[in-house]
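Here is a short tour to read with the model open in your viewer. Take the headings in any order you like.

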Amino acid sequence: MNIFKLEPDSSQYWPLTHEIYIKKTGRENPYFSKGTDGKMRHYAVCPACNNPIQLIGFVKQAGEENLYARHVPKSILGVATYRQAAYDCCPLAAKNKIQSEKSAKKSADDDLAPQILRLIAEHFDRIILVLQESIGIFISPKLAGELLDDYLAEEAYNYKYASLLNIPWMLAYFSRSKSLVGRVFFHDDMKQAIPEHIPQAVFSGNQLGMRGKAFIKVNVYFSSHNIEPKGNTIEESMDMVITSEKRGQPSVVFRKKVIFDYKKFNHLLNIPEGKGQRNHALLDVATKTLSQHSLIKIQEQLCRDL
Ligand SMILES: [Zn+2]
């Protein structure tokens, strides 16, 4: 992997370069740690699964492209505790292409769920912002509440490949199909494809409507969560599928691969407290929906146990 963080409990992580690693660790123990063989090793924490990782190619200084990190299968004192179950589901540990079923669940000893729920409670507005930019459709507070409600009803935080990096996209992935009529679109590819397939569909500005009194369903759903190794890192994606109905049968109008942009999400999570704009309507939606699912209490309890 080519990202790292220093504390399991943190959601803040950085790109892995010599300069940033040295700056963030201050060359201090336990990140710089001398082994019994007398050799210096360089440790950090995996931003997706909270397991310890070790830097490879740090000493050679052969160029940043040769510097990467990989999981170490043991606890590193003062850095992180090794948890096999979390490693088994870590997207950044994928050696082969993973195409997962939504029904696949984490094992009971994988402990990421409380931290995922805490991020949802504290950063729901940012999660929605990242998701709507990624899929190209405006997400109103009402729609955001529906997405979170479906996500919680599916217990998607317990999905095998739910990680600290992919929360925005998992919110869409676990939602039921949603109507797109009346919604505002940001991406031109969809604005072109929908009227091409549905002659009654018309955009006024960026908003999808129907000519005359036509009532034609245009829905979106998400499928095919994929994790694919790419060099020293991975690409995580899902398919966005827009459907309509032809003679009572659902037909696909548009399909595209949505690649998860971890960077954008990380950037927003790390805006210092008091800086940057917060959307309180969305944060209220999160609090309300989590409490409807009796999860505020559970999440607080679980976080205390971390
Ligand atoms: Zn990991």
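## The long hairpins

Strand β11 (residues 218-230) and strand β12 (residues 233-246) run antiparallel and are joined by 11 bridges. To find your place in this pairing, look for Pro-229, whose bridge partner in β12 is Ile-234. The two strands form a hairpin with two residues between them, and there Gly-231 takes a positive phi near 60°. This is a predicted model, so please read every value here as computed from its coordinates.

Strand β12 also pairs with strand β13 (residues 249-259): 10 bridges join them, again in the antiparallel sense. Here Ser-237 stands opposite Ile-259 in β13. The turn of this hairpin has two residues between β12 and β13, and Arg-247 in that turn has a positive phi of about 45°.

## A hairpin with four bridges

Strand β9 (residues 201-204) runs antiparallel to strand β10 (residues 207-210), and four bridges join them. Val-202 is a handy marker, as it stands opposite Gly-209 in β10. Two residues separate the strands of this hairpin, and Gly-205 in the turn has a positive phi of about 65°.

Just ahead of this hairpin you can look at Ile-198, in the loop between α6 (188-197) and β9. Is Ile-198 buried or exposed? Ile-198 is buried, because 22 C-beta neighbours lie inside 10 Å, and 20 or more is the cut-off for that label. Leaving aside neighbours within four places in sequence, Ile-198 is in contact with Ile-216, Val-218, Ser-244 and Val-253. Of these, Val-218 falls in the range of β11, Ser-244 in that of β12, and Val-253 in that of β13. By contrast, the C-alpha atom of Ile-198 is separated by 35 Å from that of Lys-97, a residue 101 places apart along the chain.

## The four-stranded sheet

Now turn to an open sheet of four strands, with the order β3-β4-β5-β6 and antiparallel pairing. Its edge strands are β3 and β6 (68-71), each of which pairs on one side only. From one strand to the next, the twist averages 40°.

Inside this sheet, β4 and β5 pair in the antiparallel sense over three bridges. A good spot to check is Ala-44, which stands opposite Ile-53 in β5. Both of these residues also touch Phe-4. Beyond four places in sequence, the contacts of Phe-4 are Tyr-13, Trp-14, Leu-16, Tyr-21, Ala-44, Val-45, Pro-47, Ile-53 and Ala-69.

## Backbone details in the loops

The loop between α1 (18-25) and β3 (32-34) holds Pro-30. A cis peptide bond joins Asn-29 to Pro-30, with omega about 0°. Arg-27 sits in the loop between α1 and β3 too, and its phi is near 55°, a positive value in a residue other than glycine.

Asn-50 lies in the loop between β4 (40-45) and β5 (52-56). Although Asn-50 is not a glycine, it has a positive phi of about 70°. What are the surroundings of Arg-27 and Asn-50? Arg-27 is exposed, with 11 other C-beta atoms within 10 Å, whereas Asn-50 counts as buried because it has 25 C-beta neighbours inside 10 Å.

## Domains and the core

The chain is divided into domain 1 (3-82) and domain 2 (113-305). Their centres, taken over C-alpha atoms, are separated by 32 Å. Where the domains meet, the contact takes seven residues from domain 1 and eight residues from domain 2. On the domain 1 side, five of the touching residues are nonpolar, two are polar and none are charged.

The largest nonpolar core has 79 residues. Which residues have the most contacts inside this core? They are Phe-4, Leu-131, Met-170 and Leu-171. Helix α3 (residues 113-135) gives the largest share of the core, nine residues. The core draws at least three residues from each of domain 1 and domain 2. Of the residues with the most contacts, Phe-4 is the one whose partners were listed with the four-stranded sheet, among them Ala-44 and Ile-53.

Methods:
Residues numbered from 1 in each chain as written. Predicted model: local features only at pLDDT ≥ 70, side-chain atom pairs only at ≥ 80, totals over all residues. Domains from an automatic or database assignment. Contact = placed C-beta atoms within 7 Å. Nonpolar A, V, L, I, M, F, W, Y, C, P; charged D, E, K, R; others polar. Core = buried A, V, L, I, M, F, W, Y, C linked by C-beta atoms within 7 Å. Buried ≥ 20, exposed ≤ 12 C-beta atoms within 10 Å, placed from the backbone. Pairing = 2+ DSSP bridges. Axes fitted to C-alpha atoms, helices over the stretch in contact; angles between N-to-C directions.
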